[in-house]
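User: I'd like to learn how the labels for this structure are earned. Can we go through them one by one?

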Amino acid sequence: MSKFNLNLEKKDNIIHPYRAKFQENFGKILGTEMGNQLEIHLFDYIKEVENTDFYDKSFEEHYLDDALSLYRNLNPEASVSNNYLKDQILSNTLSPYNLVRMPKKDLFRPKWDKIEETRLKDIKTEIEEKCSVVTTDMFRCGKCKKRKCSYYQLQIRSQDEPMTTFVTCVECGNSWRE
Ligand SMILES: [Zn+2]
């Protein structure tokens, strides 16, 4: 059996050296067989989502990005210090098929939960600081009809949608979204 379960054509040459490298590195962590399997699943998955047989820049970047992220999370000695993903694969709790499809956040749940928690705390502190000083007459309170409000804006949907404005009336405490 050849090392790659795919018929490599000429155009594969660009991505080929990376593939060999990642098979080797995954293999060092998971054993040769599982390492190869994982890389092949990853490659097939990228092919599926990029929906192309042409290994252009976007394909290459996507592949490298995902492969590196997997490598860092599977290697307990990497700076990420993910100490459970490798065991999940080796104990067959998680299949390579599912692993390559996992959102990056889920590769190391406890770490991301911590980051998210800190991020939300920071935002909250920042908002509270801002709200305590800045008031505006830009908005009119629907309850008490006064124009003394504090507000902040957050990107709560996707990046290309407008920000959501959260307004609080400092007179009566009424709050709403604009
Ligand atoms: Zn009010």
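User: Why are α2 and α3 called oblique to each other?

Analyst: Their axes cross at roughly 140° and come within 10 Å. Angles under 35 degrees count as roughly parallel, over 145 as roughly antiparallel, 65 to 115 as roughly perpendicular, and the rest as oblique. The angle of roughly 140° falls in none of the named ranges, so α2 and α3 are oblique. Axes here are lines fitted to C-alpha atoms, for helices over the stretch in contact, and angles run from 0 to 180 degrees between N-to-C directions. One caution: this is a predicted model, where local features need pLDDT of at least 70, side-chain atom pairs count only at pLDDT 80 or more, and totals for chains, interfaces and linings use all residues. Residues are numbered from 1 along each chain as its sequence is written.

User: Which hand does the crossing of α2 and α3 have?

Analyst: Right-handed. A crossing is right-handed if the near helix is turned clockwise from the far one by less than a right angle, and left-handed if anticlockwise.

User: Which residues make the contact of α2 with α3?

Analyst: From α2 come Leu42, Ile46 and Glu50. From α3 come Ser58, Phe59, His62, Tyr63, Asp66, Ala67 and Leu70. Two residues are in contact if their C-beta atoms, placed from the backbone, lie within 7 Å. By class, this contact has 6 nonpolar, 2 polar and 2 charged residues. Ala, Val, Leu, Ile, Met, Phe, Trp, Tyr, Cys and Pro count as nonpolar, Asp, Glu, Lys and Arg as charged, and the others, Gly among them, as polar.

User: What makes α1 and α3 roughly parallel?

Analyst: The angle. α1 and α3 pack at about 15°, with their axes 10 Å apart. That value belongs to the roughly parallel class, and therefore α1 and α3 get that name. Their crossing is left-handed. Tyr18, Phe22, Asn25, Phe26, Ile29 and Leu30 of α1 meet Tyr63, Leu64, Ala67, Tyr71 and Leu74 of α3. The classes are 10 nonpolar, 1 polar and no charged.

User: And why are α1 and α2 oblique?

Analyst: Their axes come within 7 Å and cross at roughly 135°. No named range holds that angle, so α1 and α2 are oblique. This crossing is right-handed. Among the residues in contact are Phe22, Gln23 and Phe26 of α1 and Leu38 and Phe43 of α2. The contact divides into 7 nonpolar, 5 polar and 2 charged residues.

User: How do you know whether Gln23 is buried or exposed?

Analyst: Count neighbours. A residue is buried if 20 or more other C-beta atoms lie within 10 Å of its own, exposed if 12 or fewer, and partly exposed in between, with C-beta atoms placed from the backbone. Gln23 has 22 such neighbours, so Gln23 is buried. Gln23 sits in helix α1.

User: What about Lys104: buried or exposed?

Analyst: Lys104 has 12 C-beta neighbours inside 10 Å, and therefore counts as exposed. Lys104 lies in helix α6, residues 104–107. Its C-alpha is 9.6 Å from that of Asn73, although the two are 31 residues apart in sequence.

User: What makes the phi of Asn92 worth a note?

Analyst: Its sign. Most residues other than glycine have a negative phi. Asn92 is not a glycine, yet its phi is positive, about 60°. Asn92 is in the loop between α4 and α5. With 8 other C-beta atoms within 10 Å, Asn92 is exposed. Lys145 also has a positive phi, near 65°. Lys145 is in the loop between α7 and β1.

User: What makes a set of residues a nonpolar core?

Analyst: Its members are buried Ala, Val, Leu, Ile, Met, Phe, Trp, Tyr and Cys residues joined through C-beta atoms within 7 Å. The largest core here has 18 residues. Phe26, Leu42, Ile46, Ala67, Leu74 and Leu85 touch the most other members. Helices α1, α2, α3, α4 and α5 each supply at least two residues. The largest share, 5 residues, comes from α3. A second, separate core of 5 residues includes Cys141, Cys149, Val167 and Cys169.

User: How many helices and strands does the protein chain have?

Analyst: 7 helices and 3 strands. Helices (H or I, at least four residues) and strands (E, at least two) are DSSP runs, numbered from the N terminus.
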